[in-house]
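Dear colleague,

Please find the structure below for your records. My notes on it follow.

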Amino acid sequence: MVRVLRSCIQSILKLVNSVIGMAGLAMILYSAWMIRVWQRKMGELPFGHDSDYPPPWFIYMFLGLGVAFCVITCLGHVAAETANGCCLHLYMVFVVLLIMLEAAVTVDVFVNQDWEKDFPKDPSGSFDQFKNFIRSNYEMCKWVGLSLVSVQGLSLLLAMILKALGPHQYYDSDDEYAPDRVPLLRNAPPHYVVVDPGYVHGNDAWRRQTNR
């Protein structure tokens, strides 16, 4: 029963964790699109150190979050497959830190009226475009954000349950009770095979007749 429950939780954790990976891939693709737009406008990549323009922090942030989401997804798949305690602990720490970061940003946006002043100016204009998109599609973005946070919370809960169940324990059906039988076998008296001498001589005579 425990094995079946563990297998179900592992499968659900992989499925839920894949949603986080899909969000990370979407962020990376959006960052690649913003890098392409920056290159067409500025004539150079935003990663040059000799650029005359301020660094586009918004592109860096989105790209970093996308990579972090993908790393967490890979770690979650490894933890779900192996059910290793160390991997599960590390995965839960990363998910908790991610949720805390998202909560801090959300509280700052809703509590602080001048939250936009906390961020530096984005020369690419991607930050303003992103704000306008959220304002024009607030309901959809709200449900997408809530769904993503719910998925992260569910993955954290499943990882905790999987950690409580413990790792896999494989048993061989032939050797399952071997430790209990070994002392008896060790103390058993030796067995001797008694062969009838007449039987042996009869076999020798039969071999001689067949060889003739």
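**Helix packing and annotated regions**

Helix 4 and helix 5 are roughly perpendicular to each other, a term for angles of 65 to 115 degrees (under 35 is roughly parallel, over 145 roughly antiparallel, the rest oblique). The model is predicted: local features need pLDDT of at least 70 and side-chain atom pairs pLDDT 80 or more, while totals for chains, interfaces and linings use all residues. Residues are numbered from 1 along each chain as its sequence is written, and side-chain values use heavy atoms, without hydrogens and water.

Helix 4 spans residues 126-136 and helix 5 residues 138-165; their packing angle is about 100 degrees, with the axes 5 Å apart. Helices are DSSP runs (H or I, at least four residues; strands are E, at least two), numbered from the N terminus. Axes are lines fitted to C-alpha atoms, for helices over the stretch in contact, and angles run from 0 to 180 degrees between N-to-C directions.

In this contact (heavy atoms within 4.5 Å), Phe-133, Ile-134, Arg-135 and Ser-136 of helix 4 meet Tyr-138, Met-140 and Cys-141 of helix 5. The residues of this contact comprise 5 nonpolar, 1 polar and 1 charged.

Met-42 lies in helix 1 (residues 2-42). Met-42 is partly exposed, at 22% relative accessibility. Its C-alpha atom is 8.9 Å from that of Ser-124, 82 residues apart along the chain.

The unreviewed UniProt entry places "transmembrane region" at residues 12-37, 57-78, 90-111 and 143-162. Residues 57-78 are 100% helix and 0% strand, with end C-alpha atoms 32 Å apart. Residues 143-162 are likewise 100% helix and 0% strand, with end C-alpha atoms 28 Å apart.

Yours sincerely

Conventions: Ala, Val, Leu, Ile, Met, Phe, Trp, Tyr, Cys and Pro count as nonpolar, Asp, Glu, Lys and Arg as charged, and the others, Gly among them, as polar. Buried means under 20% relative accessible area, exposed over 50%, partly exposed in between (1.4 Å probe, protein chains only). UniProt positions are given in the numbering used here, feature names are shortened, and annotations may be inferred rather than shown by experiment.
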